[in-house]
Every structure is written in C-alpha cells, then in structure tokens.
Amino acid sequence: MSVDVVHVDELDRIELQDGFVWRPVRRHFGIRAFGVNAYTPGASGRVIEEHTERLGQEEIYVVLRGRVRFTVDGDEHELGQGQLLYVREPSLGRGAVALTDDAAVLATGGTPGEAFEISNWEFMFPAFPLLAQGRYDEAKQMLEEALEQRPGSPQILYNLACAEALVGEPDGALEHLKAAIEGDEIFREHAREDSDFASIRDDPRFPR
Amino acid sequence: MSAGYEILTLGEVETSPHLGSNLIPIRYLLGYRAAGVNGWRADAGGQLIPPHEEDSGNEELYVVVVGRATFTLGEEQRDAPAGTLVFVPAGVHRTAVAEEDGTILFVVGATVGEAFDGGGWDTFAVADGHRLAGRMDESRAVMQRAMEERPEMWALPYNLACLEALAGNADEAFAALERARELAPAEELQEYLRGDSDLDNIRDDPRFAELLA
C-alpha cells in the first residue's frame, strides 16, 4: 500500500435510497484497520441515514464542511465544520440532514475490543442505486460478488433474493430468501412487506 | 446531554503540547475505544503532525477538517485544503504544517487484524500538558485514572514518575517508580531508566542506583 491523497469531492458518489450519497473512503484507500466513510447530501437533503448500530459499534461523525442537523436519541443538535458527534451507545438512534448544500460528514467507527472487519453493508450498498434504477441484472451480479466476499451474510442473501425476484429468477430468489431468514429471522418480516417480491409472493415456497 | 453521546468543537478544545505540535486529545476526551482518534491544531506556519513513522504497523488516515495544510510524505510534498483525506501506510515518514490560522486535522489509526489497545501516549501528552501549565494535581489525576483503568500497564506509573521528576518531586517520582518496578520486566525497566532524560532530576539520588541494582 502506498501514500494516497484525495479530496472528499473526488471520491465515488453512490446515491442511496434514502437520498444521501455515500462517499466510500475505506474502500478507496483499501484501509483494513478501521471503518471510515464520508457522506454528502443527495436529493432528500439527508446526509446520515436514521439508524442504530445493531452490531455494537461506537461511531464518531465529523462535520468537514457546511452545516448539519443531527438527531440523536431524539435530541436535535446543529453542528458546523470542525465539530464532531460521538455516539458511544450503539442502541441510540441517530441521523442527520444537511442545512447547507455543501455539507460533508466523515464517519468512523468500530467495536471496542474487536479487530476491525469490513462491514457487510460496504459490499452490498453499491448494488442499491442499480436496483433503484431498474438495472437488476447488474445489481444481481454485484450482490453475487458481495456474497462471495461475505458467504452466508443474511443481509446480502436477502438483497440478492430481491434482485433475483426482480429479474424473474424465482428459484434463486426463494432459495436465497430462505437462507436469509435462517440467518436472521428479521427478514421474514421484511419479506412480507417488500414489493420486490411481488413476482414470487404467491409461490407456495414463499416463507410465511 | 445524555451519557450515550457527546459533541466536541475541535477549535475550542484545550490542546496539549506534544513534540512541537498541539494535540487535540479526542480519544482521551471521549473515552473512545475502537481505534486511535486524535486531532492536531496549528496556525499558519505551525507544525501540525510531529515528524514520525508508524513503526507499529498502524494504518493512519489524516483528514483536513478546517484550513489548509502542506503534508510531507516521504520525499513528496502535497497541498491539502479542507476536505482532503491523506492515507499513510506504516513505515512512511510523515509530517504536516498549517498554511492557514486555525487549521485542524482529524486522525484515525489502528493496526490491521488487531483490536485497538493503544492510547497511552496521548493520555501522557494530556498529563504533561497539565504539568507544563503548572497544574500538577490535574496531571496526577489524569495518570491516576489511567492506572485505575489499566492497573497492569507498567508504562503508566513509569510515565507518572517522569512527570513527577520533571516537576522536581523526587519522593513522588520514586513512589511511582516503585509501582512500575512491581509490574515491569526488570531488564526492560532498567533500560528505560538508564536512557530517559525525563528522569535526569532524580538520577543522582541514591534511590535511583537501587533501582538499577
């Protein structure tokens, strides 16, 4: 690995469904020792998705530019360039919207006491814009590659099943959906509501 | 503010002098445990990052949050306005100076495949900053808290001894060295004792010779 210098505006732009843009930092540099990414606002003005850290990570969000309104544990805080928010408690809900168009936020996180491992979502997120644009074949291929990197990941299996249902491959979709639910029961519930599965919902093999 | 989260304004945090730079002790202040995170602040012409290599095998990412910096990475110089990310692998010599007043860097570092277990040097920098500002009680309190959290780590009482010796408190320094001696491998400790100029104020004390015996 060698020295590498890049401006946040030069990083890839991966627009995600909630209308925020993921700027992959860790992936750009090939960093393996810690998680780090940047985010800029997309169509919705959101810059950090509303979420909790189910896997027990603590996270630091640094405002690199512009102004941002964070919501954390139900409280609102406006932060500007040079301010950071540290969320120690993984179960606290947090998210942020941009108050200026030029906002950029850097996020870094990890699990105390554990060596860093690349999160499954980093492999999976690049497929989401393709799904949103109806490029199902490309999304499916990307998710198959993600699954090779992270065999057995319930999230990746679930999204692969979505892509397969959308391209009209019911056998693959049903098989992968079943495997996703075996890995994490939460996906049984998701599948009931998910319009991506319209083409296979009436199949007797569809999980109830 | 709830205990589950915290907000820091990097331009307002009191910095700690460290090897000619001004450390913003982010990891220490937050009690962050997942990686090494810190900041550096300088005005135009001031040193941001103390010149060094990471012989520990750390991967490090420097982020220009405010202002503008010039990095020297090995032989190469790079201009880095706010929003620039600079990745430096282990073994590459690096330093940076500020080009604008109030320039702030944010740094993340950790070792591939290892759970983060560092955070000694920055705690010491904070304690040393208190000492230099004449706040010896606060300096001690920082080290005491660290020793309570990591009672097995001999470097902590050893560093406390350095602070006490630098402040001219010989009795306190020897009490701390006694604690270090109980925890440390004898040869390793003696090697440090022989070479450490922080302890020069107490080197001629007969108690020092006993520690080397």
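The following exercises, each with a worked solution, concern a predicted model of chains A and B.

**Exercise 1. Overall form of chain A**

Task: Establish how many helices and strands chain A has, and assess its radius of gyration against that of a compact globule.

Solution: Begin with the secondary structure. Chain A contains seven helices and eleven strands. Next, take the extent of the chain: the C-alpha trace spans about 55 × 40 × 35 Å along its principal axes. For 208 residues, a compact globule would have a radius of gyration near 17 Å; the value for chain A is 18 Å, which agrees. Then consider burial, where 43% of the 208 residues in chain A are buried. Finally, examine the contacts between residues at least 6 apart in sequence: 59% of those in chain A join residues at least 24 apart.

**Exercise 2. A helix with two sides**

Task: Determine which residues of helix α4 of chain A are buried and which are exposed on the other side.

Solution: First check the geometry of the helix. Helix α4(A) covers residues 136–149, and at 1.5 Å a residue its 14 residues should span 20 Å; the end C-alpha atoms lie 20 Å apart, in agreement. Second, list the buried positions: Y136(A), A139(A), K140(A), M142(A), L143(A), A146(A) and L147(A). Third, consider their directions. They occupy an arc of only 165 degrees around the axis and therefore lie on the same side of α4(A). The spacing follows a general rule: an α-helix has 3.6 residues a turn, so residues three or four places apart point the same way. Fourth, turn to the other side of α4(A), where D137(A) and E148(A) are exposed. Last, identify the packing partners: the buried residues of α4(A) pack against α2 (120–124), α3 (128–132) and α5 (154–167) of chain A.

**Exercise 3. Two helices of chain B compared**

Task: State which residues of α5(B) are buried, and explain why α4(B) is described as largely enclosed.

Solution: Start with α5(B), residues 170–183. Its 14 residues should span 20 Å at 1.5 Å a residue, and the end C-alpha atoms are 20 Å apart, as expected. The buried residues of α5(B) are A173(B), F174(B), A176(B), L177(B) and A180(B). Viewed down the axis of α5(B), these fall within an arc of 165 degrees, so they line one face of the helix. D171(B) and E182(B) are exposed on the other side of α5(B). The cover over the buried residues of α5(B) includes α4 (155–166), α6 (186–195) and α7 (206–212) of chain B.

Proceed to α4(B). The expected span of its twelve residues is 16 Å, and the end C-alpha atoms are 16 Å apart, which agrees. Eleven of the twelve residues of α4(B) are buried, so this helix is largely enclosed by the rest of the structure. Among the buried residues are N159(B) and E164(B). Their cover includes α2 (121–132), α3 (136–149), α5 and α6 of chain B. Just after α4(B), G168(B) adopts a positive phi of about 85 degrees.

**Exercise 4. A buried strand**

Task: Decide whether the faces of β11(B) are covered or open, and find which strands are joined to β11(B) by bridges.

Solution: Count the buried residues first. Nine of the nine residues of β11(B) are buried, so the strand is largely enclosed by the rest of the structure. Then separate the faces. T103(B), L105(B), V107(B), G109(B) and T111(B) are buried on one side, and I104(B), F106(B), V108(B) and A110(B) on the other, so that both faces are covered. Next, trace the pairing. Strand β4 (residues 36–42) of chain B is joined to β11(B) by seven bridges in the antiparallel sense, with I104(B) as the bridge partner of R41(B). Strand β6(B) also runs antiparallel to β11(B), through eight bridges, and E60(B) stands opposite G109(B).

**Exercise 5. The contact between the chains**

Task: Describe how many residues each chain brings to the contact, and which strand of chain A pairs with β1(B).

Solution: Chain A contributes 47 residues and chain B 42. On chain B, the elements that each supply at least two residues are β1 (5–9), β6 (58–66), β8 (76–81), β9 (84–88) and β11 (103–111). The chain B side comprises 28 nonpolar, nine polar and five charged residues. Finally, strand β9 (residues 83–87) of chain A pairs with β1(B) in the antiparallel sense over five bridges, and V87(A) has Y5(B) as its bridge partner.

Notes
Residues are numbered from 1 along each chain as its sequence is written. Chains are lettered from A and ligands numbered from 1 in the order in which they are written. This is a predicted model: local features need pLDDT of at least 70, side-chain atom pairs count only at pLDDT 80 or more; totals for chains, interfaces and linings use all residues. Two residues are in contact if their C-beta atoms, placed from the backbone, lie within 7 Å. Helices (H or I, at least four residues) and strands (E, at least two) are DSSP runs, numbered from the N terminus. Ala, Val, Leu, Ile, Met, Phe, Trp, Tyr, Cys and Pro count as nonpolar, Asp, Glu, Lys and Arg as charged, and the others, Gly among them, as polar. Two strands pair if DSSP finds at least two bridges between them. The expected span of a helix is 1.5 Å times one less than its number of residues. A residue is buried if 20 or more other C-beta atoms lie within 10 Å of its own, exposed if 12 or fewer, and partly exposed in between; C-beta atoms are placed from the backbone. The arc is that of the directions from the helix axis to the C-beta atoms. The radius of gyration is taken over C-alpha atoms; the globule rule is 2.2 Å times the number of residues to the power 0.38.
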